[in-house]
Amino acid sequence: MAGDSQVHMDHDMEIGVTPTAVKKLPKHMREAQISTERTHLIADSIKKPRQRYVQKDGKCNVHHGNVQETYRYLSDLFTTLVDLRWRFSLFIFTLVYVVNWLFFGLLWYIIALIRGDLWHSDEEGWTPCVENLNSFVSAFLFSIETETTIGYGYRVITEKCPEGIILLLIQAILGSIVNAMMVGCMFVKISQPKNRAETLMFSHKAVISVRDNKLCLMFRVGDLRNSHIVEASIRAKLIRSQQTKEGEFIPLNQTDINIGFDTGDDRLFLVSPLIISHEINEKSPFWELSQAQMDKEEFEIVVILEGMVEATGMTCQARSSYLDKEVLWGWRFTPVLSLEKGFYEVDYNSFHDIYETNTPSCSAKELAATLREGQLLPTLSSLTPEPPKPYTLEPLSTHNPLTKEVDKGEEGERGEINGSAAALEDQPGLD
């Protein structure tokens, strides 16, 4: 007994709760310590910090390591330059131009050196390849003037230099290619749709509540700009680890969450903030999860909003994610749209606001079964046979001729019934 008590005491010391402190609390206070979907105070302290698959700003938290075939990046050099950080892009932009000018400046200097223009340029009757080119610095300046078409007029190529004419043609062609590539990279990088995605907003939390007697998972999206996203569509993925029936463990398995693909609700007219709803039905991965089971699950919901920028026609994609602790059970979003004089106004101060609502803690499967039973009860009660009503004779009315005719018919029917009964009594063997 002493050993058992020591084991229990050590276990209580590990979890940081003394048994005497718990016993002194009332029963309802001890039950209140169970984690709920609204506070997550206990759940957050127990659960280990989880790593996001996709950050809130849409950046994918995945790093590629041990990539051996790095030469593949050179096969798509333009995309590689566009994907670089700004500081590297500016450095490469400057480096390419400087190296190009230095290279052709060196070639002009070599031509002048071979022809002897550096020593005989001051002699009368000597025609140099490039006038006023007497050093490497002047050759470098002539290379810049040639490629940028500045044309100061001080250094000029002469017609008696065929090798210089050929070099001039090569530098003009290669310079145009360098300009097209580098300026194109900078233009694409400046006008990247990632910057447009910064004005697309996702709610900080996702909620679960009842809509039309069905549990729904909901989150809100909005666009801050007046220029709309054309052909906007949204989709969602459930990221969680899974183990197959054969025992194979699949880390970060992706499961599709239907948010209106079959009904067309995933096509958005994103003029004002919209609440995106996922109906938890038989095909939903949350079909059999109750509120208590949801608190124990570890998952991440990744939402992806795509569309074309109206101004440029380029495809834009915005991403966000919700961890399991960011999905609140029993809450709804506060309305943000109000009608003003001649227009609708959106209050983005309340974009992330939610309020608590009555929501059953059972799973969607149990809720659907309960609703089906509730709908069958009135139907079954209407199909049960009613007990026969006792027959009562009403007094005859002598003033209404129609009543007399009906009464005569009833008397005839009663007479036929009595006659039939008498006939049955007269038959032999029926005693």
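This is a short tour of a predicted model, going from the whole chain to two annotated helical spans, one helix and its cysteines.

Begin with the whole protein chain in cartoon view, where 14 helices and 14 strands can be traced. If you then colour by burial, buried residues make up 30% of the 431 residues. Switch on the surface, and you are looking at about 29,600 Å² of accessible area, of which 58% belongs to carbon and sulfur atoms. Among contacts with a separation of 6 or more, 66% are between residues 24 or more positions apart.

Next, select residues 88-111 and 165-188, which an unreviewed UniProt entry annotates as "transmembrane region". In the model, residues 88-111 are 100% helix and 0% strand, and the C-alpha atoms at the ends of this span are 34 Å apart. Residues 165-188 are likewise 100% helix and 0% strand, with end C-alpha atoms that lie 34 Å apart.

Now select residues 136-148, which form helix α9. How far apart should the ends of these 13 residues be, at 1.5 Å a residue? The expected span is 18 Å, and because the end C-alpha atoms are 18 Å apart in the model, the two values agree. Show the side chains of α9 and look for its buried residues, which are S138, A139, F142, S143, I144, E145, T146 and E147. Keep them displayed while you add α7 (86-115) and α10 (162-190), since these are the helices against which the buried residues of α9 pack. Just after α9 comes T149, and if your viewer reports backbone angles, you will find that its phi is positive, near 55 degrees.

From here, select C129 and C161 and show them as sticks. Their sulfur atoms are 1.9 Å apart and form a disulfide, and the count for the model comes to one disulfide. A disulfide is a covalent bond between the sulfur atoms of two cysteines. Which parts of the chain does the pair tie together? C129 lies in the loop between α8 (117-120) and α9, whereas C161 lies in the loop between α9 and α10, so the link joins parts that are 32 residues apart in sequence. Turn the view to look along the S-S bond, where the angle of -80 degrees makes the link left-handed. Both C129 and C161 are buried.

Finish with two further cysteines, and ask of each whether it is buried or exposed. The cut-off for buried is under 20% relative accessible area. C185 counts as buried because its relative accessibility is 4%, and C216, with a relative accessible area of 5%, is buried too.

Notes
Residues numbered from 1 in each chain as written. Predicted model: local features only at pLDDT ≥ 70, side-chain atom pairs only at ≥ 80, totals over all residues. Heavy atoms only, no water. UniProt positions renumbered as here; feature names shortened; annotations may be inferred. Helix = DSSP H or I, 4+ residues; strand = E, 2+ residues; numbered from the N terminus. Expected span 1.5 Å × (residues − 1). Buried < 20%, exposed > 50% of the residue type's maximum accessible area, 1.4 Å probe, protein only. Contact = heavy atoms within 4.5 Å. Disulfide = S-S within 2.5 Å. Areas by Shrake-Rupley, 256 points an atom, 1.4 Å probe, with all protein chains shown as cover.
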